[in-house]
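Trainee: Can you walk me through this fold? I'd like to know what stands behind each term we use.

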Amino acid sequence: MGPVTTPDASAIGTSHDVTLFTAASPMRLVSGAVLDEVVVRYETYGTLNDDASNAVFIAHALTGDAHAAGWREGDRRPGWWDTMIGPGKPVDTNVWFVVCPNLVGGCQGSTGPSSTNPHTGEPYGLDFPLLAMADFVTAHRALSAHLGIEQWAAVIGGSLGGMQVLQWALSHPQDLRNAVVVAASSRLTAQNIAFSAVGRQAIMRDSGFRDGRFLSLGTAPNKGLSVARMMAHITYLSEAAFQEKFGREAQAGELSRNFGVDFAVESYLEHQGEAFLSRFDALSYLYLTRVMDYFDPFSDDGALDALRADPVKFLVVSFDSDWRFSTEHSRRIVRHLEQARIPTSFREIASPWGHDSFLLRVPEYHETVRAFLGRMAGEWA
């Protein structure tokens, strides 16, 4: 049976908070640590059909959140993947019921290191346990159970979101029929780890960090967090994109030769760093980047055994100018999947915008995702 939807329902996201774990039934992490109370914020778009067969899960990237698409009151911009999700878009909310949660460890409504520790009444800070990619999947599966969705038509994510998709498919392939992994990696290179390490050090060496207790002490490592964001943003764009957007243009019409903001690109990065402070938390930045560093699922013996027994259809997408997670990262995923005889489609997309391409309107990319989901819809109908 096909979905029953209305244009209004599919265009407007609905936000929810749900307590998925409690002291009576806590969340047990890969590390062995336990979280007694876990709240997850999520948004939904479209309408779930009678047999829950049209559900699509969206996993967000490092600095994303549950607000994936559409406009909320007071928004200056739409949801972070509004280019991809909505009526008539590649993830068509007139067809699919879309769910996007904020990650555990995040800072936009879900339990994370800035949340209150129920045992102390103070923010967790660095007492929050380290997380693993599989812990994200544990929370995602608990949300699935809460929603009554036994199997997702597809799980889709870019960057860190794509890593979550891969982990979910490897660990619990029975939970999903299709997986879309965009601009992601199955194992960070030393260079990638180095970028994240410098960002974390900028935060932790800020005098306002106070050993992670800054929320309790009324300070904030704003300088460190803004520098971390500035540096990370450099890695999200290609050299060609920076050249096209800024070149060597002066911010004020002509160069004045000083140590302030003189070039246009410097002004852009400063803006990115300052804007980040209003929407992201330094502790979440530490924790989520560390999850990415340790992610290496194919190193485990038998990593593909469950997926071999219960295959999931994959679409893996990379961008030719993405040097943060280059096409070789995607090819490595594809090689492992193909060696296990998992049905896998791979596409490298030409785009000048680097890693950020997965968030942008790149026609060939959108048509690739649209075609993959269209095939899914045809099989499901």
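Mentor: Sure. The protein chain has twelve helices and twelve strands. This is a predicted model, where local features need pLDDT of at least 70, side-chain atom pairs count only at pLDDT 80 or more, and totals for chains, interfaces and linings use all residues. Residues are numbered from 1 along each chain as its sequence is written, and side-chain values use heavy atoms, with hydrogens and water left out.

Trainee: What makes a stretch a helix or a strand here?

Mentor: Both are DSSP runs numbered from the N terminus: H or I over at least four residues for helices, E over at least two for strands.

Trainee: How do you know that S5 and S8 are paired?

Mentor: Pairing takes at least two DSSP bridges between two strands. Strand S5 (residues 55-59) and strand S8 (residues 97-101) run parallel and share three bridges, so they pair by that rule. One bridge partner is Phe97 in S8, which goes with Ala55.

Trainee: Which strands are the edges of the open sheet, and why are they called that?

Mentor: The order is S1-S4-S8-S5-S9-S10-S11-S12, eight strands with mixed pairing. Strand S1 (14-21) and strand S12 (344-349) each pair on one side only, and that makes them the edge strands.

Trainee: What is the angle between neighbouring strands of this sheet?

Mentor: On average 20°, direction ignored. Axes are lines fitted to C-alpha atoms, for helices over the stretch in contact, and angles between N-to-C directions run from 0 to 180 degrees.

Trainee: Which strands does helix H2 lie across?

Mentor: Helix H2 (residues 133-147) lies across S1, strand S4 (38-45), S5 and S8, at about 110° to S1. Helix H11 (residues 327-339) also packs on the sheet, touching strand S10 (178-182), strand S11 (313-319) and S12; contact means heavy atoms within 4.5 Å.

Trainee: Why is the S11-H11-S12 crossover called right-handed?

Mentor: S11 and S12 pair in the parallel sense over six bridges, and the chain crosses from S11 through H11 to S12. With the strands pointing away from the viewer, a right-handed path from the first strand over the helix to the second runs clockwise. This β-α-β crossover is right-handed, so its path runs clockwise in that view.

Trainee: How do you know that the radius of gyration agrees with a compact globule?

Mentor: The rule is 2.2 Å times the number of residues to the power 0.38, with the radius taken over C-alpha atoms. For 381 residues a compact globule would have a radius near 21 Å, and the protein chain has 21 Å, so the two agree.

Trainee: What share of the residues counts as buried?

Mentor: 53% of the 381, where buried means under 20% relative accessible area, exposed over 50% and partly exposed in between (1.4 Å probe, protein chains only).
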